[in-house]
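Work through the exercises below with the model open. Try each task before you read its solution.

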Amino acid sequence: MKKILVLILGIQFAYGFSQKNIKVYQERKGDTLVYYADNQEVYPMSFVFSGTPELENAKAPEAFKKVQIIPAQSLKNQIAYFVVLDKKKKWGARKMPGYTMYIGDVSQTSYDADYQYDLPFKKGNTFTVHQGYNGAFSHRNENSLDFKMPEGTEITAAREGIVTDFVKHHNTGCPSKSCVEQGNYVTIMHSDGTFAQYYHLKENGVKVNLGDQVKKGDVIALSGNTGWSNGPHLHFACYIPNLAEEKLMKTVKTLFRTGNGDKAEYLAEKKKYSRQY
């Protein structure tokens, strides 16, 4: 999950939102002062405020919400409004609380647990799940999967969605946490609010752009060995944003269509899986 500075799957990323895409501003009309937010990104944004407004000669007719979800590609979303108490005196918001922005809806608790994902590689390939859910190497308390595969293998979208984030310039990998910030990746948001993350990609191996609408089966990247990695592989995880979790997200198990695609199952560590559909 992404914010201005956030820890995801043990990897730290810095993120800056363009002023033209995310904007917070105020308008004063007569006896009322209103704060608005514009979100011209292709995904919803969560604003998490550090406190409540400090007012001077004004009152808030409604309780201030510390967590507010701003819909994708929307303008003039009301964050708060205040009205004057004594028109003869100075009035307004003495101080608005600081806030952190996150991609996605941090208030989300449900998702489509029955959705059937495609294996994240092309038809005719077979790969082993080297490390599964709650794996001993780096998946402790995580529902993440590592597919052992040669560098340069074409990675396909396991589910349709919108590209919200990627990094492609790193060329370093090693089996220790000292390389944790050197991983290349792609993040895709799905229609139910979940996100899929594809990690350890090859340098310059990302084949999509921010805001791209990808279909299930589209080639999105090339596998690699960047970041905290003990060998060439693809790390796949699906999550919902969750501020209560240490890494600000809750990873979830996903059903995958295997074999000819006529059945769906949870993948298990040390087992091989083929895609013939």
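Which residue does a disulfide join to C174?

**Solution 1.** The model is predicted: local features need pLDDT of at least 70, side-chain atom pairs count only at pLDDT 80 or more, and totals for chains, interfaces and linings use all residues. Residues are numbered from 1 along each chain as its sequence is written, and side-chain values use heavy atoms, with hydrogens and water left out.

- Start with the rule: a disulfide is a pair of cysteine sulfur atoms within 2.5 Å.
- Apply the rule, and the count comes to one disulfide.
- The partner of C174 is C179, with S to S at 2.0 Å.
- Check the torsion: 120 degrees about the S-S bond makes the link of C174 and C179 right-handed.
- Check burial: C174 and C179 are buried. Buried means under 20% relative accessible area, exposed over 50%, and partly exposed in between (1.4 Å probe, protein chains only).

**Exercise 2.** Describe the aromatic pairs that involve strand β4 (residues 32-39).

**Solution 2.** Strands (E, at least two residues) and helices (H or I, at least four) are DSSP runs, numbered from the N terminus.

- Set the ring rule: rings of Phe, Tyr and Trp (its six-membered ring) pair if their centres lie within 6.5 Å. Planes under 30 degrees apart count as stacked, over 60 as edge-to-face, and the rest as tilted.
- The structure holds 15 aromatic pairs.
- Y25 and Y36 form a tilted pair, 5.7 Å centre to centre with 35 degrees between the planes.
- Y25 lies in strand β3 (residues 22-29) and Y36 in β4, so the pair ties together parts that are 11 residues apart in sequence.
- Y25 is buried at 18% relative accessible area. Y36 is buried too, at 12%.
- Now take Y35 and F82. Their ring centres are 6.1 Å apart and their planes are at 70 degrees, so this pair is edge-to-face.
- Y35 sits in β4 and F82 in strand β9 (residues 74-84), 47 residues apart, so the link is between distant parts of the chain.
- Y35 is buried at 10%, and F82 is buried at 2%.

**Exercise 3.** Which rings have a charged end over them?

**Solution 3.** The test is NZ of Lys or CZ of Arg within 6 Å of the ring centre and within 35 degrees of the ring normal.

- Over the ring of Y36 sits the charged end of K76, 5.3 Å from the centre.
- Over the ring of Y277 sits the charged end of R257, 4.1 Å from the centre.

**Exercise 4.** Why is strand β14 (residues 144-148) largely enclosed by the rest of the structure?

**Solution 4.**

- Four of the five residues of β14 are buried, so the rest of the structure largely encloses this strand.
- Look at its pairing. Two strands pair if DSSP finds at least two bridges between them.
- Strand β13 (residues 126-131) runs antiparallel to β14, joined by three bridges. T128 stands opposite K148.
- Strand β24 (residues 233-241) also pairs with β14 in the antiparallel sense, over five bridges. Here S144 has A237 as its bridge partner.

**Exercise 5.** Is A157 buried or exposed, and which residues is A157 in contact with?

**Solution 5.**

- Locate A157: the loop between β15 (154-156) and β16 (161-167).
- At 0% relative accessibility, A157 is buried.
- Contact means heavy atoms within 4.5 Å. Leaving aside neighbours within four places in sequence, A157 touches I188, Y198, V214, K215, K216, G217, D218 and I220.
- P120 is 37 residues from A157 in sequence, yet 5.8 Å away in space, C-alpha to C-alpha.
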